[in-house]
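Hi everyone, I've got one model to walk through today, and I'd like to talk about its ligand and its empty spaces. Have a look at the sequence and the structure, and then I'll get going.

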Amino acid sequence: MTSSPQRILSGIQPSGMAHLGNYFGAIRQYVELQEQGEALYFIADFHALTTMQDRQRLPQMVRDLALDYLALGLDPNKAVLFRQSDVPEVCELTWLLSTCTGLGLLERATSYKDKVARGIKPRAGLFFYPVLMAADILIYGTNVVPVGKDQVQHIEMTQDMADSFHAAYDCEVFVRPEARLVQSAAVVPGIDGQKMSKSYDNTIAIFAEGKPLKKRVMSIVTDSKGVDEAKDPETCNAYLIYKLVATPEQAAEMAQRLSAGGYGYGDAKKALLQAIDERFGDARERRRELVAQPDYVDDVLAAGAKHARRLAQEVVGKAREAVGLRGAPVGDLRA
Ligand code: TYM
């Protein structure tokens, strides 16, 4: 008997320019995993509404993220790429899950607490965010969820919600998902040494280039050690980012130079700038080509939505039956 392939799923919010934390923590894994199973990746536009409410900008931000995914190596022949909002069944499953999700579980969500502490209004959608995320994962029968460390709690909550649903309705509808992390990039630091995050304004955008990129890299925070002094690479933010972008040999060389002294933080930043240009040069080129083919991007998203929706409807049908509703609503127009 052959075992069925792993189903892999993950998503990114289109709430700002994708950054090196998104790339090294998540997107790089997506590209690797599309070779290893049935991969589905989406643009979490429903989730983005919890923090950004801008009808004018949202469509472009969704498109930008689609371009980023494709330019960075996501291959529509190997992975399914779609917009979260093209699968409205995910909201239906969110509701069904919420009927057996304890408030205490949601109250423990650290990302909710962080966001509220940073001044984001504590609206119901923000509080419900993890239930929508659980629905995203469970609706596709996902086995593996490649993410950075900040999302791990949400995946554990997803496991809990699936268990509660199974217990409440005495059924076995969902697959148990597991998080997948790349240890060396589980928390990519930003230019100030905190976790790189759109909300901390400490990111380096993957597709920044030229002057804006230079400005960003040169503003990486360092201590005040002079050029001649020996420096600890592990406390040098430029090195910590360089280590991800450059080759292991290049990283070892920079570490050695910093430790020896005679190599300044400015030198490290220049090397980082060059490494970013080298690492993402081809992707920038591909992205420019893709910008000129808007129909292609639309077609990829439309095909992805069709595929994802078919999978989602199957699982939602089972969940509806499990709770005692009809498998599909009356008047359902599904083919
Ligand atoms: P988002 O948009 O905040 O981030 C997208 C992915 O990038 C990872 N990431 C990082 N990894 C390492 N270091 C960093 N500094 C860093 N910053 C971001 C995140 O861990 C994530 O993997 N809730 C999700 C979107 C989502 C989702 C899902 C993900 C919605 N539904 C279902 C997986 C499965 C989010 O806001 O990610």
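So, an oxygen atom of the ligand sits 2.8 Å from a polar backbone atom of Gly 148; for a polar contact I take a pair of N or O atoms within 3.5 Å, and within protein one must be able to donate a hydrogen and the other to accept it, with residues adjacent in sequence counting only if both atoms are side-chain atoms. On the nitrogen side, one ligand nitrogen is 2.8 Å from a polar backbone atom of Val 188, and a ligand nitrogen is 3.3 Å from a polar backbone atom of Gly 21. How much of the ligand does the protein bury? Alone, the ligand exposes 710 Å², and 96% of that gets buried by the protein (Shrake-Rupley areas, 1.4 Å probe).

Quick caveat: this is a predicted model, so local features need pLDDT of at least 70 and side-chain atom pairs count only at pLDDT 80 or more, while totals for chains, interfaces and linings use all residues. Residues are numbered from 1 along each chain as its sequence is written, and side-chain values use heavy atoms, with hydrogens and water left out.

Now the shell, meaning residues with a heavy atom within 4 Å of the ligand. There are 28 of them, and Gln 13, Tyr 129, Asp 136, Asp 150 and Val 188 come nearest. By class, that's 14 nonpolar, 10 polar and four charged (Ala, Val, Leu, Ile, Met, Phe, Trp, Tyr, Cys and Pro are nonpolar, Asp, Glu, Lys and Arg charged, the others, Gly among them, polar). Strand E1 (7–12), helix H1 (20–33) and helix H7 (124–138) each put in at least two shell residues; these are DSSP runs, helices (H or I) of at least four residues and strands (E) of at least two, numbered from the N terminus.

Which space does the ligand take? That would be the largest pocket, where sitting in a pocket means more than half of the molecule's atoms lie within 2 Å of its grid points. A pocket, on a 1 Å grid over the protein atoms alone, is an open set with protein on both sides within 12 Å along at least five of seven lines; a cavity is a set of points where a 1.4 Å probe fits but cannot get out, and lining residues have an atom within 4 Å of a point. The largest pocket holds about 1000 Å³, the volume being the space filled by probe spheres set on the points, which are joined across faces, edges and corners. Its lining runs to 45 residues, and H1 gives the most, with five.

The second largest pocket is about 270 Å³. Among its 17 lining residues, Arg 7, Tyr 140, Gly 141, Asn 143 and Val 175 are closest to the centre, and helix H13 (residues 294–323) contributes the most, four residues.

Last, the largest cavity: about 30 Å³, with Phe 42, Phe 82 and Asp 136 among the lining residues.
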